[in-house]
Amino acid sequence: MITMHVTAIPEVFTILVLVASYSATNTTDIMDISMETVHVSMDTNMTLEDVVSELNALKVQVLRNKQHLREEVVNILNKSHEHLHKEGHGRTRATRRQLRQIMTHLRTLSLDIRQLHYQTMYMRKGFELSLNNTKTSLGGRFEGVLGSMSNISGAMEAMTSRVGALEDGMRKAGIPVPTTEPIMLMRAISPLVTTVRGRTAVLGCVWTVSGFDQPNISVSWSKIDGVLPPESVTESGSLIIRDVDYSDDGTYLCRHSEIDDDVTSTTVQLVVKVPTLTMKAKRDNVAVYRGSKAILECVITGDVTVTAPIYWTRSNGVLPVQSIISDGRLMIDDVVVRDTGTYVCDVNITEVVVNPGVIRLEVKKEVMVRVRFVGGTGPFEGRVEVLYRNRWGTVCDDGWDNTDAGVVCRMAGYTLGGVAKSKAYFGTGSGTIWLDDVNCNGTEDTLDDCPSNPWGDHSCYHQEDAGVMCYVDPSFSGGLRLSGGRLPGEGRVEFNRLGVWGALCDEGWDDRDATVVCRMLGFDNGGYRNRPEAYSYTNQPAWMTNVRCYGDELDIFHCGHLGWGPHVCPNDNYATVTCA
């Protein structure tokens, strides 16, 4: 018989509540009820919060019993159904009747559990109302809830009787009724916690009974083979270590404060790593043209804040003399081809692992030097003048020969070479003499690629200005047109050579080249490159490719290119324009 006894002593009140507990497992059908006594002791020094805390602990235990009993009801119902359908045809009517009785017991037991749940909630509310009734004494506050507690005791007694009848019916039906203990263990929220030196580490664990987390359980922490860090605190069951150091690395033990056995503890491994920084390039590859300004930049990401400056080095070499470091960026003015290479950004900081950043700089050749012929009888001859840094100047004739002339003619679009002229053959120039002692080998694209004195370094007068007479291709018949467009001033660029109309490859084609073509056709407001696939495919030969205009030439044949074709255009992409 389940009983309840309340004794009132002038200074101490003791409530003895007999509650039902049980054992359950997830793999077998079990319903084992045992009795235990829960003591809730209250003295006159306890606060209202202390009493409520004791009540909550009691509530958790009762509700846990309810939840586990509900699960076992479902398990046994399923097992009974299996037996009834699997062997029902071969059993006697009496046996089938027993199985149906078992199912009736289980359904009734489920209703008992639900009733116990509601009565538990009523008891808690009654406790809270009584405890807050300051008009009565502490002993009197519990008188109003004895009825609810008695109802709970009766409900649990009914469940005990119901379970006994259920077990008898299961035994008669040949269904085993095993008995096991509840599964209790301490579980680490995260068995491995990794952090870096200087940060805060949080180690947590939770007490579980048959898979259900139990709140408000007191735990204690210790460090295996060591002591807890002095800066560590325990909050809500978690161990918090602020400003961790390498000495805090190790294994920590979380243990139930009130139970001492193997299942009531667990371990958490704390790993304290060395802080790491990564120098990440904003752009892994930087490509600039010769004579321009290159800017290399890295950003710092990682575990710590860095105030140390970024420094730069160059793999297999020294930094260019014209480079400076400003706000962590490496800036190289007036780059030259030899500045091509791999540059490394780094930071000097102790006790931190730094992964340097790597940037590849490529300095491309471009026709930064322009050429024009002055004083001749046509665009194919004259005094050689070059534009460098936005200023026109002449070339001294020291060492000037036909090989040098061939490079200059090719820059102007005359690919058959030419004849060198000296001693100001086409008249004297004025202003700067840019080049002296030019010594080309004939394969260069521009005079800038040829060996010579540095720009502006010479020992000449304008009476020594170099000139050239370029060979003109007699097969060029002239004539320029646009094909495939819907409107005048748009289409694929074509010109006539040897009496055959042909196209130009789109390779290297840009708005400057388009502007020259449009000007030749009478569109003085310029033009721009269109999509190469904008107009229909052509099977005509491609006479020119890699055309390089500056935009102010009067004729496209004064622009640089790779020589007369026919050429093969990549992907059959041909030069197109739309004139303004």
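A disulfide is a pair of cysteine sulfur atoms within 2.5 Å. In chemical terms, a disulfide is a covalent bond between the sulfur atoms of two cysteines. The structure analysed here is a predicted model. Under the distance criterion, the count comes to eight disulfides. Three of the pairs are described below, followed by an aspartate.

The pair C549 and C559 meets the criterion with an S to S distance of 2.0 Å. The torsion about the S-S bond is about 110°, so the disulfide between C549 and C559 is right-handed. C549 lies in the loop between β34 (542-544) and β35 (576-579). C559 is also in the loop between β34 and β35, and the two cysteines are 10 residues apart. C549 is buried, as is C559.

The pair C409 and C470 also forms a disulfide, with the sulfur atoms 2.0 Å apart. Here the torsion about the S-S bond is about -90°, so the disulfide is left-handed. C409 belongs to helix α4, which covers residues 402-411. C470 belongs to strand β29, residues 467-470. The bond therefore ties together a helix and a strand, at positions 61 residues apart in sequence. Both cysteines, C409 and C470, are buried.

The pair C205 and C254 connects two strands. The sulfur atoms of C205 and C254 are 1.8 Å apart, and a disulfide is assigned. C205 is in strand β7 (residues 205-209), while C254 is in strand β12 (residues 250-256). The disulfide thus ties together parts that are 49 residues apart in sequence, because its two cysteines sit in these two strands. Both C205 and C254 are buried.

The loop between β34 and β35 also holds D552. How accessible is D552? The relative accessible area of D552 is 47%, so this residue is partly exposed. Buried status requires a value under 20%, and exposed status a value over 50%. In the loop, then, D552 is partly exposed, whereas C549 and C559 are buried.

Contacts of D552 reach beyond its sequence neighbours. With residues up to four places away in sequence excluded, D552 touches R370 and R519. The position of D552 relative to G526 can also be stated. The two residues are 26 residues apart in sequence. In space, the C-alpha atoms of D552 and G526 are 9.9 Å apart.

Note on methods. Residues numbered from 1 in each chain as written. Predicted model: local features only at pLDDT ≥ 70, side-chain atom pairs only at ≥ 80, totals over all residues. Heavy atoms only, no water. Helix = DSSP H or I, 4+ residues; strand = E, 2+ residues; numbered from the N terminus. Buried < 20%, exposed > 50% of the residue type's maximum accessible area, 1.4 Å probe, protein only. Contact = heavy atoms within 4.5 Å.
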